[in-house]
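Reader: I am new to reading protein models, and I would like to go through this one slowly, with a reason given for each answer.

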Amino acid sequence: MLVKKEAAEQVGVMDERFFMYAEETDWCYRFTKAGWQCLFTPDAEIIHLGGASSKKVRPEMIIQLRKSILLFIKKHRSRCVYGLSKCLIAGWFSLRIPYWKGVSLCCREKADEANVTAKAYWQGVKEILAQ
């Protein structure tokens, strides 16, 4: 991202509470609210090795992404929208636990990975509801 010095001085630096996801979304949202224009160019090319930084801890990163989305909602939306979002995300995680438990029972070669994933989703439910 290229940012004018004046814009960064007005809205401040990126919010450090965001870990790995949504920090640039929050920053752009804050620029827009402060009257700055955020532009995108389709001409720029970036090679993104999708998931390279999170491949080994994929379930935890899926949970972290949702937690970052919730932080954005908590920061910029109403308490009602935040509460509803927490319930929806916790429900989304909850629906995945039985699937991964089933995979662990049916596919011995994937049992360890499936159990880790189910456990991560359960931890995600607890973390989301505790926020």
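Author: The questions below deal with two pairs of helices and then with a pocket, and the model they refer to is a predicted one.

Reader: How are helix α2 and helix α3 oriented to each other?

Author: The axes of α2 (residues 23–33) and α3 (residues 58–76) come within 10 Å and cross at roughly 20°. Angles under 35 degrees count as roughly parallel, and α2 and α3 are therefore roughly parallel.

Reader: Which residues of α3 make the contact with α2?

Author: The crossing in which α2 passes α3 is right-handed. From α2 the contact takes T25, D26, Y29 and R30, and these meet, on the side of α3, F72, K75 and H76.

Reader: How is helix α4 oriented to helix α5?

Author: Helix α4 (residues 79–106) and helix α5 (residues 111–130) pack with their axes 8 Å apart, at an angle of about 160°. Since angles over 145 degrees count as roughly antiparallel, α4 is therefore, with respect to α5, roughly antiparallel.

Reader: How many nonpolar residues does the contact of α4 with α5 have?

Author: Among the residues that meet there are W92, F93 and W100 in α4 and Y121, W122 and L129 in α5. Sorted by class, the contact of α4 with α5 has three charged residues, five polar ones and, as for nonpolar residues, 15.

Reader: Which residues lie nearest the centre of the largest pocket?

Author: The space in the largest pocket is about 480 Å³, and its lining has 10 nonpolar, two polar and one charged residues. Of the 13 residues that line the pocket, those nearest its centre are M1, L2, V3, C38 and L39.

Technical notes:
Residues are numbered from 1 along each chain as its sequence is written. This is a predicted model: local features need pLDDT of at least 70, side-chain atom pairs count only at pLDDT 80 or more; totals for chains, interfaces and linings use all residues. Side-chain values use heavy atoms; hydrogens and water are left out. On a 1 Å grid over the protein atoms alone, a cavity is a set of points where a 1.4 Å probe fits but cannot get out, and a pocket is an open set with protein on both sides within 12 Å along at least five of seven lines; lining residues have an atom within 4 Å of a point. Grid points are joined across faces, edges and corners, and a volume is the space filled by probe spheres set on the points. Ala, Val, Leu, Ile, Met, Phe, Trp, Tyr, Cys and Pro count as nonpolar, Asp, Glu, Lys and Arg as charged, and the others, Gly among them, as polar. Axes are lines fitted to C-alpha atoms, for helices over the stretch in contact, and angles run from 0 to 180 degrees between N-to-C directions. Helices (H or I, at least four residues) and strands (E, at least two) are DSSP runs, numbered from the N terminus. Angles under 35 degrees count as roughly parallel, over 145 as roughly antiparallel, 65 to 115 as roughly perpendicular and the rest as oblique. A crossing is left-handed if the near helix is turned anticlockwise from the far one by less than a right angle, and right-handed if clockwise. Contact means heavy atoms within 4.5 Å.
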